[in-house]
Amino acid sequence: MTMTDGRTGLARRGEALAARHLAGLGMEVLERNWRHGRAEADLVLRDGAALVICEVKTRRGLGYGDPLEAITVTKARRLRQLAGAYVSQADEGFGEVRVDAVGILWPDDGRPQLRHVRGVWS
Amino acid sequence: MKLGHTRAVALAGVAGTLVDVEAHIASGLPTIAVSGLPDKACGQAPDRIRSAASAAGVAIPTQRIVVNLSPASITKHGSLFDLPIAIAVLAAAGVVRSQVATDAVHLGELGLDGSIRGVRGVLPCVLAAARAGVEDVVVPLENVAEARLVDEIRVHAAASLEELLEWYAAEHRRGTPVPLASPPPPRPVTGARVVDMADVVGQPEARFAVELAACGGHHMLLSGPPGVGKTMLAERLVTVLPALSRSLALESHSIRSLSGLAAASSSLDCTPPYEAPHHSASVAAIVGGGSGAVLPGAISRAHGGVLFMDEAPEFRTSVLQTLRQPLESGTVTIARARESVTFPARFLLVLAANPCPCGKAWGKSSECTCSALELRRYQSRLSGPLMDRVDIRVTVPPVPRGAFVEASGEGSAAIGARVLQARGAQAERWRALPERLNGTVPGSVLRRPPFRLPSRVTATLDHGLDLGTLSLRGYDRVLRLAWSTADLSGHTTPTADDVGLALHLRSGGMAA
């Protein structure tokens with residue numbers, strides 16, 4: 001991987017922050033960085049009866065656009081497939097499947113700003 | 001629920017429909033989706049809008065934005081929807097709060113630097129907006145001249161999105177009216193060649209034919225060897241035609257605007273247009289069409305003026321055939337699977353033809369090298385239904401050397417004055433008809449009282465009809481021409497001489 005430690009570090013910090021935020025909303029974190037084949041889900045959560053696959057995108061600045069802009073329709077569709085894969089191997093059942101996205105803007109010298117979008121694939 | 005709203009115009013031909021542009025900001029991943037049947041250029045608006053907004057110092061919300069162009073059933077062509085979509089989105093985002101912005105029609109393409117760029121078809125859009133009762137329109141700076149031709153609407157023109165947003169902010173906060181567009185500076189008069197009938201040497205018969213064609217709106221065929229001045233005569237026909245009426249001039253200007261040819265003149269150009277397409281022109285180039293948006297063709301650009309087809313027999317047969325319906329109805333309808341577009345196309349047709357393909361079949365010592373078959377094929381291309389609609393067929397002979405020293409012919413102004421007077425007489429006489437020109441009066445009107453001519457006047461014609469040398473259609477055509485010659489010579493009804501002259505002009509020229 002060509003990613004430097006600094007950047008993966010930022011991603012890890014972002015994912016941890018997102019997990020805390022979603023837990024605060026009453027969701028239960030089932031998995032972190034759950035891999036299936038070549039795809040990976042940053043966070044897998046249970047929200048009541050619903051299975052939530054959540055993509056977390058963290059950026060230092062807006063130079064390349066809003067973090068959420070990086071999540072394209074193709075990406076969202078891949079996450080939806082990932083949700084299906086998770087359900088088929090899970091022991092428990094889910095009433096509903098949802099894909100969420102969390103965008104975090106985390107400047108080097110400031111507090112992170114987090115935005116959570118529910119149900120990006122609909 | 002965040003909603004933004006403004007207006008635009010969708011064009012089908014020169015007819016515009018008012019379009020409501022709505023933007024809705026919802027929760028979701030950041031996208032701008034345009035719905036309501038946009039074409040490719042219109043659907044790409046979001047990409048330009050994002051860059052233009054950031055150049056203007058405002059941010060498009062990073063949320064899911066749905067833009068709807070209503071009524072959704074008509075296709076929205078082109079980039080002129082950039083500006084209205086941007087204003088609707090920014091209104092939804094709370095950046096634009098002015099009521100003026102909501103009610104106004106916006107037209108224009110956005111550059112990535114936030115500049116508002118000129119688009120085609122602004123005049124027909126503004127006309128449609130004014131007819132629908134819209135009070136304000138915002139156009140690109142480039143299109144101010146044509147937009148200001150419409151009286152019943154306030155025209156605003158901003159150079160950039162940033163400037164426009166400042167105006168709206170000032171209007172909302174302090175009630176400062178959005179500034180009106182100032183008239184564009186008059187364009188320096190380019191050294192346009194001024195043509196005049198006085199330039200024509202000799203050719204008394206052709207000169208008279210031109211005057212007659214202008215007077216009654218008769219289509220004309222000029223035939224003669226190369227280099228005798230057929231093109232010259234056709235070019236000068238527009239100089240003796242009466243100036244266009246305001247509504248006709250607006251139609252003509254609208255067509256030029258759609259073709260991207262509208263000059264930035266601050267006054268309405270009432271000169272009848274002159275179109276001379278090359279004989280290799282395609283059907284779409286002549287009648288209109290093209291891929292994507294339907295564009296007007298040469299016959300529509302010639303609306304109200306002259307369509308000159310030099311080397312007429314060299315035009316493709318399909319092209320010549322497509323002229324028949326517009327010649328009859330004065331409009332051309334281009335039908336597509338999804339839409340059908342009608343353009344105005346009332347023009348004076350002037351055809352020019354050489355006597356044969358090599359052009360030398362002239363005079364006693366003919367050097368023509370064409371075979372009999374070639375000759376026949378050449379002449380047959382112009383015969384049939386198209387020639388049925390051509391009232392005047394005149395032969396343009398080579399100019400004798402003696403004509404050079406003659407005093408120059410009468411100028412366009414004097415001829416134009418006579419034409420205008422003759423047209424006045426026609427308008428009075430045919431006031432009950434929809435078209436008040438001799439060239440379009442139905443034959444049945446001419447053959448029945450009160451316009452039926454006494455038999456001593458039509459004796460030669462009646463004789464021809466009896467002998468079968470003249471068809472009934474030909475009979476009517478001669479009558480129409482006779483009325484025009486009478487109008488030009490100041491007779492209240494055609495005399496036997498007028499009829500004789502008309503008969504001569506009708507049968508002159510080629511054997512067709």
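Select helix H8 (residues 204–216) of chain B in this predicted model. H8(B) lies across strands S10 (220–223), S17 (348–353) and S18 of chain B. Its angle to S18(B) is about 165°.

Add helix H9 (residues 230–240) of chain B. H9(B) lies across S10, S11, S14 and S17 of chain B, at about 170° to S14(B).

Now show the sheet beneath these labels. It is an open sheet of 5 strands in chain B, ordered S11-S14-S17-S10-S18, with parallel pairing. The edges are S11 (274–275) and S18 (392–395) of chain B, each pairing on one side only. Zoom to S11(B) and S14(B) (residues 306–309): they pair in the parallel sense over 2 bridges. Glu275(B) stands opposite Leu307(B) in S14(B).

Return to H8(B) and pick Glu211(B). A salt bridge joins Glu211(B) to Arg418(B), with the closest N and O atoms 2.6 Å apart. Arg418(B) sits in helix H17 (residues 412–429) of chain B and Glu211(B) in H8(B), so the pair ties together parts 207 residues apart in sequence. Glu211(B) is buried at 7% relative accessible area; Arg418(B) is partly exposed at 27%.

Switch to chain A. Select Arg46(A) and Glu92(A), a salt bridge at 2.8 Å, N to O. Arg46(A) is in strand S2 (residues 39–47) and Glu92(A) in the loop between helix H2 (73–89) and strand S4 (96–105) of chain A, so this pair ties parts 46 residues apart. Arg46(A) is buried at 18%, while Glu92(A) is partly exposed at 33%.

Last stop: Glu55(A) and Lys75(A), a salt bridge at 3.7 Å, N to O. Glu55(A) lies in strand S3 (residues 50–59) and Lys75(A) in H2 of chain A, 20 residues apart.

How values were computed. Residues are numbered from 1 along each chain as its sequence is written. Chains are lettered from A and ligands numbered from 1 in the order in which they are written. This is a predicted model: local features need pLDDT of at least 70, side-chain atom pairs count only at pLDDT 80 or more; totals for chains, interfaces and linings use all residues. Side-chain values use heavy atoms; hydrogens and water are left out. Two strands pair if DSSP finds at least two bridges between them. Helices (H or I, at least four residues) and strands (E, at least two) are DSSP runs, numbered from the N terminus. Contact means heavy atoms within 4.5 Å. Axes are lines fitted to C-alpha atoms, for helices over the stretch in contact, and angles run from 0 to 180 degrees between N-to-C directions. A salt bridge is a side-chain nitrogen of Lys or Arg within 4 Å of a carboxyl oxygen of Asp or Glu. Buried means under 20% relative accessible area, exposed over 50%, partly exposed in between (1.4 Å probe, protein chains only).
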